[in-house]
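Student: Before we discuss the labels used for this model, could I have the sequence and the structure in view?
Tutor: Here they are, and we can then take the labels one at a time.

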Amino acid sequence: MLGRIQAQAFSFDQTFQPYQKDDFVMRWAFFKDPNVIPNLQLLSDSSGQWTTLGTEVKKIEAINVPCTQLSMSFFQRLYDENIVRESGHIVKCLDSFCDPFLISDELRKVLLIEDSEKYEVFSPAEREEFLFCLFKHLCLGGSLCQYEDELKPYLDTAKLIYKDLVSVRKHPRTKEIQITSSVFKVKAYDSVGVCYPSPQEHEQTFSYFVVDPIKRHANVLYHCYGVGEMAQ
């Protein structure tokens with residue numbers, strides 16, 4: 001994913017309510033704003049270089065992504081169900097394919113194979129959670145992904161990204177921690193078809209808009225599936 005993933009931060013001066021997500025994404029903040037259009041980054045489908053959107057957006061699709069998790073204990077069940085050993089090593093399995101992904105361990109079976117024995121460790125609702133989506137994207141990686149043998153790097157990276165993107169506050173009366181951000185998975189269409197995040201659709205190509213209505217900040221997490229840079 002190195003070189004093909006990017007986070008950007010924008011500010012806005014409008015009042016935001018989650019039910020206004022389509023208007024917000026289309027008109028107020030992003031695909032019609034002259035301050036955003038020259039700065040919203042995506043990877044060119046032809047050159048593979050970072051560029052900006054060079055077409056007029058006709059329609060957007062903003063899908064609400066639940067964001068309620070406050071603890072990484074959400075993933076403790078991976079240990080409890082022997083998908084990951086107590087040592088932190090991911091349990092291996094015989095190689096198989098779930099196109100285009102190589103399945104070589106029990107973790108990827110849980111993430112991808114619906115009829116696998118332990119797929120129901122996470123419920124359908126839990127799989128829609130933003131934290132789970134981040135974790136899954138990191139585990140699956142890019143087209144030349146070299147999988148980790150241990151769970152910790154995936155958890156640590158997902159936690160760092162989640163904390164950077166999502167805003168929380170203490171409830172003034174109960175003092176409980178609350179998530180204040182709203183998260184949307186966004187696609188944009190021009191006169192031809194999907195133009196953002198990429199004309200080539202893939203499970204690992206995504207753009208999440210994380211909107212903080214209190215600070216009036218919007219974070220954009222973008223990734224386009226393909227051959228990333230090789231780490232030194």
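**Reasoning from values to labels**

Tutor: In this predicted model, Arg 216 has a relative accessible area of 31%, so Arg 216 is partly exposed. Arg 216 lies in the loop between β11 and β12 (217-223), and has a positive phi of about 60 degrees although it is not a glycine.

Student: Why does Lys 175 count as exposed?
Tutor: The relative accessibility of Lys 175 is 54%, and exposed means over 50%, so Lys 175 counts as exposed. Lys 175, which is found in the loop between β7 (168-170) and β8 (177-179), also has a positive phi, of about 65 degrees, without being a glycine.

Student: Why is the pair of Phe 16 and Phe 24 called edge-to-face?
Tutor: The ring centres of Phe 16 and Phe 24 are 4.9 Å apart, and pairing requires centres within 6.5 Å; their planes stand at 65 degrees, and over 60 counts as edge-to-face, so the pair is edge-to-face. Both Phe 16 and Phe 24 are buried.

Student: What makes Phe 31 and Tyr 196 an edge-to-face pair?
Tutor: For Phe 31 and Tyr 196 the distance is 5.4 Å centre to centre, with 70 degrees between the planes, so the limits of within 6.5 Å and over 60 degrees are both met. This pair links distant parts of the chain, with Phe 31 in the loop between α1 (21-29) and β2 (41-43) and Tyr 196 in strand β10 (residues 194-196), 165 residues apart.

Terms used: Residues are numbered from 1 along each chain as its sequence is written. This is a predicted model: local features need pLDDT of at least 70, side-chain atom pairs count only at pLDDT 80 or more; totals for chains, interfaces and linings use all residues. Side-chain values use heavy atoms; hydrogens and water are left out. Rings of Phe, Tyr and Trp (its six-membered ring) pair if their centres lie within 6.5 Å; planes under 30 degrees apart count as stacked, over 60 as edge-to-face and the rest as tilted. Buried means under 20% relative accessible area, exposed over 50%, partly exposed in between (1.4 Å probe, protein chains only). Helices (H or I, at least four residues) and strands (E, at least two) are DSSP runs, numbered from the N terminus.
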